Amino acid sequence: MAIRPIYEAKMHLKPATLQDLQTVLTWITSPEDLKRWGGPLLTWPPQAEQTWQQIEAPTHKVFALVDDAGELAGFGQTLLREENGVHLGRIILSPALRGQGVGRVLMRHLIEKGSALYHPKYFSLYVYRDNLPAVKLYQSMGFIVTESYGEDISCRMELKVEKE
């Protein structure tokens, strides 16, 4: 049996709210951070209600990872962009919890939720190559690079779903 981080039992996924997004936006401190987290179409400085619409939160599943006390630990989105695939987007952790195994907890929960909702054949995501902690996490979970962009600045990664 694999040993899970201590955080695993203390955290759960819930539908994200506008208030969760307001907290997330406090973790983003520059226009470059906003672009890296949410893509080039988000506007700086971010305003929660506008960003909520820009990330299409009303039509795509947006989730918050919270601890037993209800404190926000992470945020992510499942998007149906392609047939048979679920795209994981806008993944972010509280700066205070980075490097402690919480990213793995968030990803496990997002993959479990996406699998239950959509029964995909694969999951995809985009990541900047210099975000080494994220790249290493995704690789350790079985994601592989399928495309590179901008002289290898960022890449698309996919995880094939094993059917039981």
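Modeller: Let's start with angles: under 35 degrees counts as roughly parallel, over 145 as roughly antiparallel, 65 to 115 as roughly perpendicular, and the rest as oblique. They run from 0 to 180 degrees between N-to-C directions, and the axes are lines fitted to C-alpha atoms, for helices over the stretch in contact. This is a predicted model, in which local features need pLDDT of at least 70 and side-chain atom pairs count only at pLDDT 80 or more, while totals for chains, interfaces and linings use all residues. Residues are numbered from 1 along each chain as its sequence is written, and side-chain values use heavy atoms, leaving out hydrogens and water.

Colleague: Thanks! Why are H4 and H5 called oblique to each other?

Modeller: The axes of H4 (residues 102-118) and H5 (residues 132-140) cross at roughly 50° and come within 11 Å. That angle belongs to none of the three named ranges, so the two helices are oblique. Their crossing is right-handed, a word used when the near helix is turned clockwise from the far one by less than a right angle (anticlockwise would be left-handed).

Colleague: And which residues make the contact between H4 and H5?

Modeller: Gly103, Arg104 and Met107 of H4 meet Leu137, Tyr138 and Ser140 of H5; contact means heavy atoms within 4.5 Å.

Colleague: Let's move to Leu13. Why does Leu13 count as buried?

Modeller: Buried means under 20% relative accessible area, exposed over 50%, and partly exposed in between (1.4 Å probe, protein chains only). Leu13 has 15% relative accessibility, which is under the limit, so Leu13 is buried. Leu13 sits in strand S1 and touches residues including Phe63, Leu106 and His109. The C-alpha atoms of Leu13 and Leu65 are 4.6 Å apart, though 52 residues separate them along the chain.

Colleague: What about Glu151: why does Glu151 count as it does, buried or exposed?

Modeller: Glu151 reaches 82% relative accessibility, which is over 50%, so Glu151 is exposed. Its place is in the loop between S6 and S7.

Colleague: What puts the buried residues of H1 on the same side?

Modeller: Those residues are Asp20, Leu21, Val24, Leu25 and Trp27, in the helix spanning 18-27. They cover an arc of only 140° around the axis, and therefore lie on the same side of H1; the arc is taken from the directions from the helix axis to the C-beta atoms. The face turned away carries exposed Gln19 and Thr26. Among the elements covering the buried residues are H2 (31-38) and H3 (48-54).

Colleague: How were helices and strands assigned?

Modeller: Both are DSSP runs numbered from the N terminus: helices are H or I with at least four residues, strands are E with at least two.

Colleague: Then what makes S1 and S6 edge strands?

Modeller: Two strands pair if DSSP finds at least two bridges between them. The seven strands form an open sheet in the order S1-S2-S3-S4-S5-S7-S6, with mixed pairing. S1 and S6 each pair on one side only, and are its edge strands.

Colleague: How do you know that S6 and S7 pair, and how many bridges join them?

Modeller: Five bridges join these antiparallel strands, and the definition asks for at least two, so S6 and S7 pair. Glu147, for instance, has Arg156 in S7 as its bridge partner. In the hairpin, with four residues between the strands, Gly150 has a positive phi near 55°. S5 (residues 122-128) and S7 (residues 154-160) are also antiparallel, over seven bridges, with Val127 opposite Cys155.

Technical notes:
Lists of a residue's contacts leave out its neighbours within four places in sequence.
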